[in-house]
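Dear colleague,

I am handing over the structure that we spoke about, and I would be glad if you looked through it slowly before reading on. My notes come after it.

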Amino acid sequence: MSQKLFMVSLGPGDAELLTYKALKAFKESDAICVPTKSEDKSFTKSISYTIVRDALEILGLKKEIIPVYSPMRFNHNDWINEADVILKTLQTYKKVSFVTLGDAAIYSSIYYLLDIIKEKNRVVYEGCEVIPGVTSFSAASAEVQKALCLGDEELLIKPINPRGKVKTTEILMRPKLGMSTQELGDGEFYTFENMYLKDAKITPSKIQKVKKYMTLFINFARR
Ligand SMILES: C[S@@+](CC[C@H](N)C(=O)[O-])C[C@H]1O[C@@H](n2cnc3c(N)ncnc32)[C@H](O)[C@@H]1O
């Protein structure tokens with residue numbers, strides 16, 4: 001059987017905010033790699049560990065838990081070490097989950113790790129599945145019952161302590177049917193149409209004309 005890596009978003013802290021796909025990944029996994037900030041690899045300060053422990057309790061399952069020392073220093077060598085732990089775990093266990101808080105798309109280290117995994121083991125990289133989750137700010141909005149965007153408002157997510165020049169990813173929603181996308185400008189566009197539906201389509205560029213209301217565009221920051 002071939003190796004399989006799941007990058008699982010854990011949501012903001014409550015195991016009940018895990019997705020069904022995340023639970024399925026845990027069920028399928030032989031081992032779960034859990035980041036910890038503690039040098040001794042204990043989980044005393046790990047929120048991720050608490051969520052995984054609660055999830056396994058909900059599922060009534062026991063899985064091998066592998067600590068991954070993640071000092072959060074924004075250091076490339078740390079990411080190399082973390083990726084190595086994941087790849088080493090995949091040598092012992094066929095299916096492995098690595099977990100990340102909130103949603104993997106938002107300030108998570110998983111894409112730094114995946115860049116390294118891509119170089120070291122193309123097969124694992126290409127077979128990897130990223131599982132999305134509830135972001136901290138979606139949960140925060142629900143907690144206080146206040147919308148993040150209504151009507152013509154837009155939403156801004158900013159790093160409070162940037163290390164350098166701030167780049168922007170734009171998410172463009174609610175297009176008009178038949179509209180030309182010329183006015184959306186240029187960039188690293190992807191178009192997502194009818195996601196998860198029968199005629200779902202992801203185009204790695206900006207489509208010329210909007211054919212479906214359920215279309216969104218992401219203009220990714222140039223990295
Ligand atoms: C490295 S980012 C990870 C964000 C995460 N991937 C997400 O989707 O929300 C960590 C930051 O997210 C926010 N955050 C994450 N979980 C949170 C929670 N349970 N309560 C409040 N803020 C949280 C805080 O601003 C924290 O500094």
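What follows is an account of the ligand's surroundings, the nonpolar cores and two threonines.

Please keep in mind that this is a predicted model, in which local features need pLDDT of at least 70 and side-chain atom pairs count only at pLDDT 80 or more, while totals for chains, interfaces and linings use all residues. Residues are numbered from 1 along each chain as its sequence is written, and side-chain values use heavy atoms, with hydrogens and water left out.

Around the ligand (a residue counts if one of its heavy atoms lies within 4 Å of it) are Pro12, Leu101, Gly102, Asp103, Ile106, Tyr107, Thr135 and Ser136. Of these, four are nonpolar, three polar and one charged, where Ala, Val, Leu, Ile, Met, Phe, Trp, Tyr, Cys and Pro count as nonpolar, Asp, Glu, Lys and Arg as charged, and the others, Gly among them, as polar. Among the polar contacts (pairs of N or O atoms within 3.5 Å), a polar side-chain atom of Ser136 lies 2.6 Å from an oxygen atom of the ligand, and a backbone N or O atom of Ile106 lies 2.7 Å from a ligand nitrogen. The protein covers 48% of the 560 Å² of accessible area that the ligand has on its own (Shrake-Rupley method, 1.4 Å probe).

The largest nonpolar core, a set of buried Ala, Val, Leu, Ile, Met, Phe, Trp, Tyr and Cys residues joined through side-chain atoms within 4.5 Å, has 21 residues, and Leu5, Met7, Cys33, Ile86, Leu90, Phe98 and Ile117 touch the most other members. Apart from it lies another core, of 18 residues, including Ala15 and Val34.

Thr36 belongs to strand 2 (strands are DSSP runs of E, at least two residues, numbered from the N terminus). Thr36 counts as buried because its relative accessibility is 2%, buried meaning under 20% relative accessible area with a 1.4 Å probe and protein chains only. A polar atom of the Thr36 side chain lies 2.7 Å from the backbone oxygen of Ser42.

Thr181, by contrast, sits in the loop between strand 6 (170-172) and strand 7 (188-193), yet Thr181 also counts as buried, at 2% relative accessibility. Leaving aside neighbours within four places in sequence, Thr181 is in contact (heavy atoms within 4.5 Å) with Lys206, Ile207, Gln208, Lys209, Val210 and Phe217.

With best wishes

Key. Polar contact = N/O pair within 3.5 Å; in protein donor to acceptor, adjacent residues only side chain to side chain. Buried < 20%, exposed > 50% of the residue type's maximum accessible area, 1.4 Å probe, protein only. Helix = DSSP H or I, 4+ residues; strand = E, 2+ residues; numbered from the N terminus.
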